[in-house]
Amino acid sequence: MKKTLSFPPRAGKHRQDRRCLQRMLPAGRATGKWRVQGAAGGWGQFVATVLILVAQSSASLFAAEPTVQLPQHLEQGQLVIGHAPPNAQIEFDGHSLRIGKDGTFVFGLGRDAPAKAELEVRNADGKSQKLELNVAQRDYPMERINGLPQQTITPNPIIAARIAREQAGVVEARKRDDAREDFLQGFQLPVKGARISGVYGSQRVDNGVPKSPHMGLDMAVPTGTPVHAPADGIVTFAATDLFLTGGTVMIDHGFGLDSSFLHMSRVNVNVGDHVRQGQVIGAAGMTGRATGPHVHWGFNWFEVRLDPALLPKQALIQ
Ligand SMILES: [Zn+2]
């Protein structure tokens, strides 16, 4: 049986699993920030997701039964994996969601997702429901980074054009929408023994200039440290020398979900390669805009950037 996660994933296990991830990280300044962030913006303030049946066209006893299963707790930056009856249609934020043969569907809650989200579910019998979801709001830290090459902060027009060209290739790769359910196996950390040097969502001030928030997880490790695929997937982008992100690899895990790895000193894979969870895809480095060797792990649901620290872990597999 391909499906390996239980639905809905149990909140208690999820919490415990996240603590495991934190325990794997040695104490340090950045790790401390993570803990503060978790305490201030996350678990303590979680409100159980309430599913409210807004529109229901039948008064039968069966109509009150939940038709869609979701995690109990939702927060900004989260990949949400749900389960629906076969042949249901689900709309979220203007997207018509892919629903697998086993009823699996996914969507992503962005960094600034509002406190209320809505799923519109149409069942095979034509009945439609609106499910209102509570989304816990997070506080994001401020991170000041100094010592970056100034050209990477305020690029000249030639460099700016190159950055735009390179970004277009990344955007194109993120349009992919495969029926593969590689994400159901859970995710492993791509490097072992890392110090977390940057967290998802933080407001960045680079060389004193306010920039876009940091939309990934930075793991500081020595240059040359092997980088492993966190889950199975297909390589959709591979380059060794992008201006901002240096050695860059993207892996598609199905249903519009992709991992990206930046600043790598070596890239071992090519576009189209099928990779397995744990396979070495390259090595950590500090290519592109970086002040020290690390791996930046980004995670997207199409164009929505999510927090890799919230991904379902391998330990959830049953
Ligand atoms: Zn980063």
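**Strands, loops and core of a predicted model**

Reader: Which residue in S9 stands opposite Arg-144?

Author: This is a predicted model. S7 and strand S9 (residues 203-206) pair in the parallel sense, over 4 bridges. Within S9, the residue facing Arg-144 is Val-205.

Reader: Which strands stand at the edges of the open sheet S7-S9-S10, each with a single partner strand?

Author: This open sheet has 3 strands and mixed pairing. An edge strand here has a single partner, so one side of it is left without a neighbour in the sheet. That applies to strand S7 (142-145) and strand S10 (209-210).

Reader: In what order do the strands of the 4-strand open sheet run?

Author: The pairing in this sheet is antiparallel. Strand S3 (95-96) and strand S6 (128-134) are its edge strands, each pairing on one side only. The order is S3-S2-S5-S6.

Reader: How many bridges join strand S5 to S6?

Author: Strand S5 covers residues 116-122 and runs antiparallel to S6. One facing pair is Ala-117 in front of Leu-133 of S6. The count of bridges is 7.

Reader: Which residue takes a positive phi in the hairpin of S5 and S6?

Author: The hairpin has 5 residues between its strands. One residue there has phi near 90 degrees, and that residue is Gly-126.

Reader: Which residues of S6 lie on its covered face?

Author: In a regular strand, side chains alternate between the two faces of the sheet. Ser-128, Lys-130, Glu-132 and Asn-134 make up the uncovered face of S6. The covered face holds Gln-129, Leu-131 and Leu-133.

Reader: Why is strand S4 largely enclosed by the rest of the structure, and how many of its residues are buried?

Author: Thr-104, Val-106 and Gly-108 point one way from S4, while Phe-105 and Phe-107 point the other way. Residues on both sides are buried. Strand S4 (residues 104-108) is largely enclosed because its buried residues number 5 of the 5.

Reader: Which residue in S4 is the bridge partner of Val-80?

Author: Strand S1 (residues 79-83) pairs with S4 in the antiparallel sense. The two strands share 5 bridges. For Val-80, the partner in S4 is Phe-107.

Reader: How far apart are the end C-alpha atoms of helix H3?

Author: Helix H3 (residues 157-173) has 17 residues. At 1.5 Å a residue the helix should span 24 Å. The separation of its end C-alpha atoms agrees with that, at 25 Å.

Reader: What is the count of buried residues in H3?

Author: H3 is hardly covered. Among its 17 residues, the buried count is 0.

Reader: Is Asp-93 buried or partly exposed?

Author: Asp-93 sits in the loop between strand S2 (89-92) and S3. Its phi is positive, near 50 degrees, although the residue is not glycine. A buried residue needs 20 or more other C-beta atoms within 10 Å. Asp-93 has 14 such neighbours, so it counts as partly exposed.

Reader: Is Phe-255 buried or exposed?

Author: Phe-255 also has a positive phi without being glycine, near 55 degrees. The loop holding Phe-255 runs between strand S14 (246-254) and strand S15 (257-264). With 27 other C-beta atoms within 10 Å, Phe-255 is buried.

Reader: What distance separates the C-alpha atoms of Ala-284 and Pro-226?

Author: Ala-284 lies in the loop between strand S18 (280-283) and strand S19 (294-301). Ala-284 is buried, because it has 27 C-beta neighbours inside 10 Å. Leaving out residues up to four places away in sequence, Ala-284 touches several residues, including Thr-225, Val-227 and Met-264. Pro-226 is 58 residues away along the chain, yet the C-alpha separation is 6.4 Å.

Reader: Which residues have the most contacts inside the largest nonpolar core?

Author: Nonpolar side chains tend to be buried together in soluble globular proteins. The largest nonpolar core here has 63 residues. Among the contacts of Val-249, setting aside neighbours within four places in sequence, are Val-235, Phe-261 and Ile-281. The residues with the most contacts inside the core are Leu-79, Val-106 and Val-249.

Reader: Which domains give residues to this core?

Author: The core lies between two domains, because both give residues to it. They are domain 1 (2-7 + 140-310) and domain 2 (79-134).

Reader: What share of the chain's residues count as buried?

Author: The chain comes to 3 helices and 20 strands. Of its contacts with a separation of 6 or more, 70% join residues 24 or more positions apart. Among its 318 residues, the buried share is 40%.

Terms used. Residues numbered from 1 in each chain as written. Predicted model: local features only at pLDDT ≥ 70, side-chain atom pairs only at ≥ 80, totals over all residues. Buried ≥ 20, exposed ≤ 12 C-beta atoms within 10 Å, placed from the backbone. Pairing = 2+ DSSP bridges. Contact = placed C-beta atoms within 7 Å. Expected span 1.5 Å × (residues − 1). Core = buried A, V, L, I, M, F, W, Y, C linked by C-beta atoms within 7 Å. Domains from an automatic or database assignment.
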